[in-house]
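Grab a pencil and work through these short exercises with the structure open beside you. Try each task before you read its solution.

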Amino acid sequence: MMPNFFSFTSQQLSDKLEEMGERSFRAKQLFNWVYQKQQLNLQKMTSLSEDLRSKLADNISFKLPKIITGQVATDGTRKFLLQLQDANKIEMVLIPAAGKNTLCISSQVGCARNCRFCATAKMGLLRNLDVAEIISQVYLAKQQLGENKLTNLVFMGMGEPLDNYENMMQAVRILQDELAFKFSPRRITISTSGVVPGIAKLAVSGVKVKLAVSLNSAIQTKREYLMPISRKYSLTKLKQTLKKFQRYNPYRITFEYVLIKGFNMGKKDIKALRAFVGEISCKLNLIPWNPIAGSEFKSPTEVELNDFMKQLMDLRVALTVRRSRGTEIDAACGQLAAGS
Ligand code: SAH
């Protein structure tokens, strides 16, 4: 199978071109066409010789997934369903906010982690995305945005990014590549359900990104009920690993806490949460649970949400609420399950 253009860093493409008997500076030109000029048609890359263009056509694929459907919610959130080369489909979500455009990308088709409150879990894990499939989402989103700048990237779509570690990391290198997307490290967030070995590896990888951790309960038994991964990697282990992570990474960790009515919002939950986040330099992002079909859970009311927040006000961590975006098109957190 031909390698896909979107799986190369500029250095790797330069090596590949040398292998093909070409001068390595051609890689720079090619990156310029594709990433700066948004040109994917080899015939229009006029600074490259005809000979090189036909060689490239024979050796490298420039194919992108197809956007099958795009839905827009009243708040401007756009959800796209993408068709991969095989029969699989994934979703990505583009979220505009004041002066910012955030893309929420998928790292796997489905997910193996089986969190009880999440729609993607119901699919099971079908497969990992390859590097080009991860990068393609960003490329397609930029095409969609046109003149508007894509400012932030979050690996919070379908899948567990740290379960697809190598491909996710290679994608991050391309995203940060000066000749490709030039994303600054603080504009890329990897969100994990708490894959402890992956967090430890990321810490010492030398690659800088922001880390978000889906906590959802700081009580071990409750977290195990919500997130089976917690049986394998306990809260104690998670905390130890995050402390280690912070020795290598300059950014504050974000804890995501999905608020489930009557389940993780009581006095004991708050006490445990305070103790857990108190030891780590972090931000806390509260996410009122978004409904998924056939679930036992309920979303909190506005009053319950405010009450919960009040009880955390004196904590010395930045507290934010992630208002549901695009719920009516099932584009909000935990509602992604391709095929709908
Ligand atoms: N696997 C990664 C990234 C995907 S989930 C992770 O677990 O972090 C992205 C975020 O959506 C997580 O914080 C998760 O807790 C949250 N989430 C999942 N289902 C949700 C739902 N139904 N409502 C609100 N948030 C949800």
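**Exercise 1. Sort the lining of the largest pocket into nonpolar, polar and charged residues, then find what surrounds the centre.**

Step 1: The lining splits into 16 nonpolar, nine polar and eight charged residues. Here Ala, Val, Leu, Ile, Met, Phe, Trp, Tyr, Cys and Pro count as nonpolar, Asp, Glu, Lys and Arg as charged, and the others, Gly among them, as polar.

Step 2: Know what you're looking at. A pocket is an open set of points on a 1 Å grid over the protein atoms alone where a 1.4 Å probe fits, with protein on both sides within 12 Å along at least five of seven lines; a lining residue has an atom within 4 Å of a point.

Step 3: Of the 33 lining residues, K100, V154, M156, N285 and R322 lie nearest the centre of the largest pocket. The space in this pocket is about 880 Å³, a volume filled by probe spheres set on the points, which are joined across faces, edges and corners.

Step 4: Strands 3, 4, 7, 9, 11 and 12 each give the lining at least two residues. Strands (E, at least two residues) and helices (H or I, at least four) are DSSP runs, numbered from the N terminus.

Before you go on, a note on the numbers. This is a predicted model, where local features need pLDDT of at least 70 and side-chain atom pairs count only at pLDDT 80 or more, while totals for chains, interfaces and linings use all residues. Residues are numbered from 1 along each chain as its sequence is written, and side-chain values use heavy atoms, leaving out hydrogens and water.

**Exercise 2. Place T102: is it buried or exposed, and which residues does it contact?**

Step 1: Find T102 in strand 4.

Step 2: Its relative accessibility is 13%, so T102 counts as buried; the cut-offs are under 20% relative accessible area for buried, over 50% for exposed, and partly exposed in between (1.4 Å probe, protein chains only).

Step 3: Skip the neighbours within four places in sequence, and T102 is in contact with V93, L94, I95, L150, N152 and V154. Contact means heavy atoms within 4.5 Å.

**Exercise 3. Track down salt bridges that link distant parts of the chain.**

Step 1: Look for a side-chain nitrogen of Lys or Arg within 4 Å of a carboxyl oxygen of Asp or Glu. That rule gives 14 salt bridges.

Step 2: Take D86 and R127, paired at 2.8 Å, N to O. D86 is in the loop between strands 2 and 3, while R127 is in strand 6, 41 residues apart. D86 is partly exposed at 31%, and R127 is partly exposed at 22%. Add E133, and you have a network of salt bridges.

Step 3: Now try D269 and K222, whose closest N and O atoms are 3.0 Å apart. This pair joins helix 10 to helix 7, across 47 residues. D269 is buried at 5%, whereas K222 is partly exposed at 23%.

**Exercise 4. Check the length of helix 5 and see what covers its buried residues.**

Step 1: Multiply 1.5 Å by one less than the number of residues. With twelve residues, helix 5 should span 16 Å, and its end C-alpha atoms are 16 Å apart, so the two agree.

Step 2: List the buried residues of helix 5: Y165, M168, M169, Q170, A171, V172, I174 and L175.

Step 3: The elements covering them include helices 1, 2, 4 and 6, along with strands 7 and 8.
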